[in-house]
Amino acid sequence: MDETEFWEIIDSTREAAEGDPDDHADVLVERLVQLDPESVLDFARHFEARYNRAYRWDVWGAAAVLLDGADDDAFDYFRCWLIGQGREVFESTVQDPDGLAELLEDFDEEYDGDGEELGYAADEAYEQLTGVVTPDLGLPPQPDRPAGTPVALDDEAALARRFPMLWERFGSA
């Protein structure tokens, strides 16, 4: 599976789920079980590589603005959600997290930003197909610390300065 096919699967399943992150995960599993196990592993590798690529302080800061705070778990789930938004949103956000303000029509922190189940979709599909857990994907582990310059995630003034567009649209009062 190449990168284009990976993103096509993400986009088509998100559209079928009408953007709902939980439904998206279910539709994604349904789509992945139509593939052979090796293709599901390829999908998992693409997903994991992007998940690790988004392990950046500035992406975490953007998540903190959108979610009104983001602990480790919330940031993990946010990165899954970000991948689920598709290639354009993902790539643009990794390059310029503040630009996410222009890419999102709306954001409801109760509904959006949590793609935890998307992160398990390939594992679930692989297990359904093979009856065994997903093997090691052979990818380097996530770094111990996010890439880039640390962001003060609990300092609203610092977040407002660092992410002015996101803060203006989605930040705390």
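Let's start with Asp68, which is partly exposed because its relative accessible area is 48%. On that scale, buried means under 20% relative accessible area, exposed means over 50%, and partly exposed is in between, with a 1.4 Å probe and protein chains only. You'll find Asp68 in the loop between H4 and H5. Helices here are DSSP runs of H or I with at least four residues, strands are E runs of at least two, and the numbering goes from the N terminus.

A quick word on what we're looking at: this is a predicted model, where local features need pLDDT of at least 70, side-chain atom pairs count only at pLDDT 80 or more, and totals for chains, interfaces and linings use all residues. Residues are numbered from 1 along each chain as its sequence is written, and side-chain values use heavy atoms, with hydrogens and water left out.

Okay, back to Asp68. What is the sign of its phi? Positive, at about 55 degrees, although Asp68 is not a glycine. Most residues other than glycine have a negative phi. Glu18 also has a positive phi, near 55 degrees, and is a residue other than glycine. Glu18 sits in the loop between H1 and helix H2 (21-32). Is Glu18 buried or exposed? Exposed, because its relative accessible area is 73%.

Now step back along the chain from Asp68, into H4. Asp68 follows that helix, and H4 itself is mostly covered: eleven of its eleven residues are buried. Among them are Trp57, Trp60, Val65, Leu66 and Leu67. Which elements do the covering? They include H5, H6, H7, helix H9 (156-162) and H10. Covering is judged by contact, and contact means heavy atoms within 4.5 Å.

Let's pick up one of those, H10. Phe170 belongs to helix H10, and it counts as buried because its relative accessible area is 16%. Look at Phe170 next to Val65: they're 105 residues apart along the chain, yet their C-alpha atoms are separated by 6.8 Å. If you leave aside neighbours within four places in sequence, Phe170 is in contact with Val65, Leu66, Ala101, Leu104, Asp106 and Phe107. Val65 and Leu66 are on the list of buried H4 residues too.

Go a little further and you reach Ser172, in the segment after helix H10 (164-170). Ser172 counts as partly exposed because its relative accessibility is 23%. Its contacts, again without neighbours within four places in sequence, are Asp68, Glu156 and Trp167. So that's our opening residue, Asp68, showing up again. Ser172 and Gly69 are 103 residues apart in sequence but 9.9 Å apart in space, C-alpha to C-alpha.

Next, H6. The buried residues of this helix (residues 87-95) are Val89, Phe90, Thr93 and Val94. Why do we say they line one face? Because, seen down the axis of H6, they fall within an arc of 120 degrees, taking the directions from the helix axis to the C-beta atoms. Flip to the other side of H6 and Glu88 and Gln95 are exposed. The cover over the buried residues includes helix H1 (3-16), helix H3 (37-53), helix H4 (57-67), helix H5 (72-84) and helix H7 (100-103).

H1 gives us one last residue, Arg14, which has its place in that helix. Is Arg14 buried or exposed? Buried, because its relative accessible area is 16%. Arg14 and Gln85 are 71 residues apart along the chain, and their C-alpha atoms are separated by 7.5 Å. Beyond neighbours within four places in sequence, Arg14 is in contact with Gly19, His24, Gly84, Gln85 and Gly86.

Finally, zoom out. The chain has ten helices and zero strands. Of its 173 residues, 45% count as buried. Among contacts between residues at least 6 apart in sequence, 74% join residues at least 24 apart. The C-alpha trace spans about 50 × 35 × 25 Å along its principal axes.

How does the radius of gyration fit a compact globule? With 173 residues, such a globule would have a radius of gyration near 16 Å, and the chain has 16 Å, which agrees. That radius is taken over C-alpha atoms, and the globule rule is 2.2 Å times the number of residues to the power 0.38.
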